[in-house]
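This report walks through one structure, from single side chains to the chain as a whole. Please keep the sequence and the coordinates at hand while reading.

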Amino acid sequence: SSMGGLISLYALEEYPQAAEAYQNYLLQQPGLVDAYIQDLRGGALFSAGEYSAAAEAFRLALASPSTLDRIYIQLKMARAVALAGDTDTALALYNDADLRTADDYTHALIVLRKGQIYQGLGQTDQAIEMYRLAVDSYPRAYEAYSALEALDLLGVEVADLQRGLVDDGRTPPYGGKRLTPGSGGVSPGNLHQGSFGGPEVV
């Protein structure tokens with residue numbers, strides 16, 4: 001298969017077929033672009049709901065030499081691992097990524113995702129702590145708004161001033177900075193939309 005054909009399958013949302021085509025490409029052309037293909041394969045598997053297999057593909061992408069944004073791939077792996085039910089490993093991956101990035105928008109995404117994991121586990125106090133951290137420390141990040149919504153749903157009071165800072169951060173040109181993979185941070189626009197139109201795994 002040509003690279004264009006592989007991307008076309010993904011763009012057509014033929015995720016299981018795209019994942020299989022990516023695997024076949026790796027078998028025919030080993031070593032050339034393994035990290036890139038594994039990353040694409042992980043995205044296709046994730047979009048097909050095969051979270052454990054997606055996590056493994058992202059792990060293989062991280063194990064292969066490339067110029068890809070390694071923290072971004074690790075965040076995708078953490079998300080897949082979390083949705084596969086291994087929350088301890090997901091939290092460890094998020095904690096590691098948090099230590100290795102200096103980007104506030106990536107920090108904001110990480111604390112939001114950790115809050116969601118804790119909330120899913122019924123650990124409401126830890127979830128609230130993470131959501132508050134996103135709102136208080138990263139009010140200009142889009143993820144702070146999602147954290148604010150989560151706090152509202154949990155009935156947690158948020159000071160009007162902080163609420164205003166978060167709301168103001170959502171309205172360009174004042175804030176709500178959106179970054180792309182490879183630019184040092186994760187874009188809120190990339191949270192749900194992938195490079196080829198599929199749902200994003202971060």
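His107 counts as buried because its relative accessibility is 12%, and buried means under 20%. The model is a predicted one. His107 belongs to helix 7, which covers residues 104-120. Leaving aside residues up to four places away in sequence, His107 touches Asp98, Thr101, Ala102 and Tyr138. With Thr101 there is a polar approach: a polar atom of the His107 side chain lies 3.1 Å from the backbone oxygen of Thr101.

**Arg100 and its partners**

Arg100 is located in helix 6. Its relative accessible area is 42%, so Arg100 is partly exposed. Which residues does Arg100 touch, not counting those up to four places away in sequence? They are Ile71 and Gln74. The side chain of Arg100 makes a polar contact with the side chain of Gln74, at 2.4 Å. Ile71 is 29 residues from Arg100 along the chain, and the C-alpha atoms of Arg100 and Ile71 are separated by 7.8 Å.

Arg100 also takes part in a salt bridge with Asp96, with 2.9 Å from N to O. Both residues sit in helix 6 (residues 87-100), 4 residues apart, which is about one turn of the helix. Asp96 is partly exposed, at 33% relative accessibility.

**Salt bridges**

How many salt bridges does a search of the whole structure find? The search finds 4. Among them are the three pairs tabulated here.

| Pair | N to O separation | Location |
|---|---|---|
| Asp39 and Lys76 | 2.6 Å | helix 3 and helix 5 |
| Asp96 and Arg100 | 2.9 Å | helix 6 |
| Asp152 and Arg163 | 2.9 Å | helix 9 and helix 10 |

In the salt bridge between Asp39 and Lys76, the closest N and O atoms are 2.6 Å apart. Asp39 is in helix 3 and Lys76 is in helix 5, so this pair ties together parts that are 37 residues apart in sequence. Are these two residues buried or exposed? Asp39 has 14% relative accessibility and counts as buried. Lys76 is buried as well, with a relative accessible area of 7%.

The side chains of Arg163 and Asp152 form a salt bridge at 2.9 Å, N to O. This pair links distant parts of the chain, with Arg163 in helix 10 (residues 160-169) and Asp152 in helix 9, 11 residues apart. Helix 9 covers residues 142-153. The contact between the side chains of Asp152 and Arg163 is also listed as a polar contact, at 2.9 Å. Asp152 is partly exposed, its relative accessible area being 37%. Arg163 is partly exposed too, with a value of 24%.

**Helix 4**

Helix 4 (residues 51-63) has 13 residues, which at 1.5 Å a residue should span 18 Å. Its end C-alpha atoms are 18 Å apart, so the model agrees with the expected span.

Which residues of helix 4 are buried? They are Ala54, Ala55, Ala57, Phe58, Ala61 and Leu62. These residues cover an arc of only 160° around the axis, and therefore they lie on the same side of helix 4. They pack against helix 3 (34-47) and helix 5 (70-83). On the other side of helix 4, Ser52 and Ala63 are exposed. Helix 3 and helix 5, the packing partners of helix 4, also hold Asp39 and Lys76, respectively.

**The chain as a whole**

The protein has 10 helices and 0 strands. Read from the N terminus, its elements run α-α-α-α-α-α-α-α-α-α. Of the 202 residues in the protein, 46% are buried. The accessible surface comes to about 9,600 Å², and carbon and sulfur atoms account for 51% of this surface. Contacts between residues at least 6 apart in sequence can be split by separation: 51% of them join residues at least 24 apart.

Definitions and conventions
Residues are numbered from 1 along each chain as its sequence is written. This is a predicted model: local features need pLDDT of at least 70, side-chain atom pairs count only at pLDDT 80 or more; totals for chains, interfaces and linings use all residues. Side-chain values use heavy atoms; hydrogens and water are left out. Helices (H or I, at least four residues) and strands (E, at least two) are DSSP runs, numbered from the N terminus. Buried means under 20% relative accessible area, exposed over 50%, partly exposed in between (1.4 Å probe, protein chains only). A polar contact is a pair of N or O atoms within 3.5 Å; within protein, one must be able to donate a hydrogen and the other to accept it, and residues adjacent in sequence count only if both atoms are side-chain atoms. Contact means heavy atoms within 4.5 Å. Accessible areas come from the Shrake-Rupley method with a 1.4 Å probe; for residues, only the protein chains shown count as cover. The expected span of a helix is 1.5 Å times one less than its number of residues. The arc is that of the directions from the helix axis to the C-beta atoms.
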